[in-house]
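Colleague: I am new to this structure and would like a close look at a single part of it. Please show me the model, and then I will say which part.

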Amino acid sequence: MVEDCKCKSCGCGTVTIEEMISMIDDQTLPFTQTEHDGYIIRVFDPKAPSHLYKWHFDEDDRTVQVLEDCDWQFQYDNALPILITKGVDIFIPNGVYHRLIPGTTPLSLKIIAN
């Protein structure tokens, strides 16, 4: 194990401070998106690097609808992750930190700005 490993969570022992900064700065999006009248469809890639699934907040309220069964999880800040499945609607208030935890299959979401 490398003594100056900065990853702290996975225990790989190989992440340097430069690599950690690179992951934090990475603005690659782990989804494809199509825009429609009044909503967006996003399809998330389960094979995207885990560092792309960052904690973040949105500037507007939104409702997210899960379009297909999956094994992904959703998590609000200071809350336990919840398994999301087809038909589940998630309300995300503006300014509330949240994240997705990838599963093993693609995730399709309908995002509606409120």
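In which sense do strand β3 and β6 pair, and over how many bridges? Please start there, then show me what lies around that pair.

Modeller: A word of caution to begin with: this is a predicted model. Now the pair. Strand β3 covers residues 62-66. Its pairing with β6 is antiparallel and runs over four bridges. One position to find is Gln65, which stands opposite Asp89 in β6.

Stay on strand β6, residues 89-92. Its side chains alternate. Ile90 and Ile92 point to one face, and both are buried. Asp89 and Phe91 point to the other face and are not buried. So Asp89, the residue opposite Gln65, has under 20% as the cut-off it does not meet for being buried.

Follow the chain on from β6. The loop between β6 and β7 holds Tyr97. Is Tyr97 buried or exposed, or something in between? Its relative accessible area is 38%. That lies between the 20% and 50% cut-offs, so Tyr97 counts as partly exposed. Tyr97 also belongs to a nonpolar patch on the surface. Trp55 and Phe57 are the other members. Together the three have about 300 Å² of accessible area.

After that loop comes β7, residues 98-101. Here we meet another sheet. It is open, with three strands in the order β5-β4-β7. The pairing in it is antiparallel. The edge strands are β5, residues 82-83, and β7. Each of these pairs on one side only. Strand β4 spans residues 73-76 and is joined to β5 by two bridges. In one of these, Gln73 has Leu83 of β5 as its partner.

The loop between β4 and β5 deserves a stop at Pro81. Pro81 is partly exposed, because its relative accessible area is 32%. Leaving aside residues up to four places away in sequence, Pro81 touches Gln73, Phe74, Gln75 and Ile101. Take Ile101 from that list. In sequence, Pro81 and Ile101 are 20 residues apart. In space, their C-alpha atoms are 8.1 Å apart.

Now to other strands. β1 (residues 31-36) and β2 (residues 39-44) pair in the antiparallel sense over six bridges. Thr34 stands opposite Ile41 in β2. The two strands form a hairpin, with two residues between them. In the turn, Gly38 has a positive phi of about 95°. β2 also has strand β8, residues 107-113, as a partner. Five bridges join them, and they run antiparallel. Look for Ile40 here: its bridge partner in β8 is Ile111.

Last, the whole protein. It has one helix and eight strands. From the N terminus on, the elements run α-β-β-β-β-β-β-β-β. There are 114 residues, and buried residues make up 29% of them. Consider contacts between residues at least 6 apart in sequence: 57% of these join residues at least 24 apart. The protein exposes about 7,500 Å², and carbon and sulfur atoms supply 54% of that area.

Methods. Residues are numbered from 1 along each chain as its sequence is written. This is a predicted model: local features need pLDDT of at least 70, side-chain atom pairs count only at pLDDT 80 or more; totals for chains, interfaces and linings use all residues. Side-chain values use heavy atoms; hydrogens and water are left out. Two strands pair if DSSP finds at least two bridges between them. Buried means under 20% relative accessible area, exposed over 50%, partly exposed in between (1.4 Å probe, protein chains only). Contact means heavy atoms within 4.5 Å. Patches are made of residues with over 30% relative accessible area and no salt bridge: like charges are joined within 9 Å, nonpolar side chains (Val, Leu, Ile, Met, Phe, Trp, Tyr) within 5 Å. Accessible areas come from the Shrake-Rupley method with a 1.4 Å probe; for residues, only the protein chains shown count as cover. A salt bridge is a side-chain nitrogen of Lys or Arg within 4 Å of a carboxyl oxygen of Asp or Glu.
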